[in-house]
Amino acid sequence: ESLWYMGQSKEHRHLLKHPVITSFLWYKWQRIRKYFNRNIRLYILFVFLLTWFIFREFGGSSSMALYNKFFYFAFIIMFSVMGIMILRDFLFDINQSRSMAKQKQNESNIGLDMLGILLGNVVEMMMLAFMILIIMFGSDLLRPGLTALLITLLSIELFQLLVSVKRYFFQPENWIENATIALGFAILYNNPKEFAVNRNLAAIAILLSWSRMITLIGKHPKNNHLNIYVTMFFKVLWSFFSFLSWYGLFIIAF
């Protein structure tokens, strides 16, 4: 909690570079690493399926077969990459558990630790099984699959809301995620006859979901050299809208 407030304060933000705090942050990262990686993989899967569904439904009937082939093969590539990432995290957890057991000189708990690791990776196994079903049945599972993912993302948002109500409402990223979830449900279950409205909503959904995904990937510690560009982007974007809200009055008057 104190580190979060320190990061929000411009006067104290430089203290986050202190060796004691960076060491503590590294330790905290080791604790939340698998959950952060799992969240990234889940959101990438959601963005990919949402984009696939939008191109299939609103990309034009003449190009539907081409879109389905392209996204299907791209999905197989993404499935392979995600499988490698999940396996890498799984092996990392095993090595970390073994090293801790050796430090404690307690070899008898290795079996229990392995069981805990397996139970802790049930979500990854379910995600892989879900992706295998998509490969087997193709675009026919896009609508129910996206519905399940939207419900999962909505559950995550509700959990974050219960953790801290004030902090949740003061973070713009949460508003973007909620707007993306609402647009996703609207695209999936809105009246198909309102094609033009749904197509405009789909365009906004692609913009918001991809922006959120790029920001989420940029926050990974391995991409710390990209964080400055993400910060610059949002600062420039905020300055642009602040200026446009004032200068827009001249445009309206003209």
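The following exchange goes through a predicted model of one chain and asks how its descriptive terms are earned.

Reader: What makes this an all-helix pattern, and how many helices and strands are there in the chain?

Author: The chain holds 10 helices and 0 strands, and the pattern read along the sequence is accordingly α-α-α-α-α-α-α-α-α-α. The C-alpha atoms fill a box of roughly 75 × 55 × 30 Å along the principal axes. Of the 254 residues in the chain, 30% are buried, and the chain exposes about 16900 Å², of which carbon and sulfur atoms supply 72%. Among contacts between residues at least 6 apart in sequence, 68% join residues at least 24 apart.

Reader: How do you know which angle and distance describe helix H2 and helix H8, and what is the hand of their crossing?

Author: Two packed helices are described by the angle between their axes and the distance between the axes. For helix H2 (residues 19-58) and helix H8 (residues 172-189), the axes come within 12 Å and cross at roughly 35°, and the crossing is left-handed. The contact is made by Tyr 43, Phe 46, Phe 53, Ile 54 and Phe 58 on the side of H2, and by Thr 180, Ile 187 and Leu 188 on the side of H8.

Reader: What is the division of the residues in the contact of H2 with H8 into nonpolar, polar and charged?

Author: The residues of this contact divide into 7 nonpolar, 1 polar and no charged. Thr 180 of H8 is among the contact residues, and Thr is absent from both the nonpolar and the charged lists, so Thr counts as polar.

Reader: Why is the pair of Phe 48 and Phe 71 called edge-to-face?

Author: The ring centres of Phe 48 and Phe 71 are 5.9 Å apart and their planes stand at 80°. Centres within 6.5 Å make a pair and planes over 60 degrees apart count as edge-to-face, so both conditions are met. The pair links distant parts of the chain, since Phe 48 belongs to helix H2 and Phe 71 to helix H3 (residues 64-104), 23 residues apart. Both Phe 48 and Phe 71 are buried, and they take part in one aromatic cluster together with Trp 52, Phe 55, Tyr 67, Phe 70 and Phe 75. A search of the whole structure finds 20 aromatic pairs.

Reader: What makes the pair of Phe 243 and Trp 246 tilted?

Author: The centres of Phe 243 and Trp 246 are 5.9 Å apart, and the angle between the planes is 55°. Stacked requires under 30 degrees and edge-to-face over 60, so an angle of 55° falls under neither heading and the pair is tilted. Phe 243 and Trp 246 both lie in helix H10 (residues 224-253), 3 residues apart, which is about one turn of the helix.

Reader: Is Phe 243 buried, exposed or partly exposed, and how do you know that?

Author: Phe 243 has a relative accessible area of 44%. Buried is under 20% and exposed over 50%, so the value of 44% places Phe 243 as partly exposed.

Reader: Where is Tyr 229, and what makes it count as exposed?

Author: Tyr 229 is placed in helix H10. Its relative accessibility is 52%, and exposed means over 50%, so Tyr 229 counts as exposed. The C-alpha atoms of Tyr 229 and Gly 218 are separated by 8.8 Å, the two residues being 11 apart along the chain.

Reader: Why is Arg 41 called buried, and which residues does it touch?

Author: Arg 41, found in helix H2, has a relative accessible area of 1%, and the limit for buried is under 20%, so Arg 41 is buried. Leaving aside residues up to four places away in sequence, Arg 41 touches Met 82, Met 85, Ile 86, Asp 89, Glu 124 and Met 127.

Reader: Why do Met 213 and Ile 156 receive the terms they do?

Author: Met 213 of helix H9 (residues 195-218) has 9% relative accessibility, which is under 20%, so Met 213 counts as buried. Ile 156 of helix H6 (residues 142-163) has a relative accessible area of 26%, between 20% and 50%, so Ile 156 is partly exposed.

Reader: Which residues do Met 213 and Ile 156 touch, not counting residues up to four places away in sequence?

Author: Met 213 touches Tyr 43, Ile 44 and Val 47, and the C-alpha atoms of Met 213 and Tyr 43, 170 residues apart along the chain, are separated by 6.8 Å. Ile 156 touches Asn 39 and Leu 42; Ile 156 and Asn 39 are 117 residues apart in sequence and 9.6 Å apart from C-alpha to C-alpha.

Technical notes. Residues numbered from 1 in each chain as written. Predicted model: local features only at pLDDT ≥ 70, side-chain atom pairs only at ≥ 80, totals over all residues. Heavy atoms only, no water. Axes fitted to C-alpha atoms, helices over the stretch in contact; angles between N-to-C directions. Helix = DSSP H or I, 4+ residues; strand = E, 2+ residues; numbered from the N terminus. Left-handed = near helix turned anticlockwise from the far one by under 90°. Contact = heavy atoms within 4.5 Å. Buried < 20%, exposed > 50% of the residue type's maximum accessible area, 1.4 Å probe, protein only. Areas by Shrake-Rupley, 256 points an atom, 1.4 Å probe, with all protein chains shown as cover. Phe/Tyr/Trp six-rings, centres within 6.5 Å; stacked < 30°, edge-to-face > 60°.
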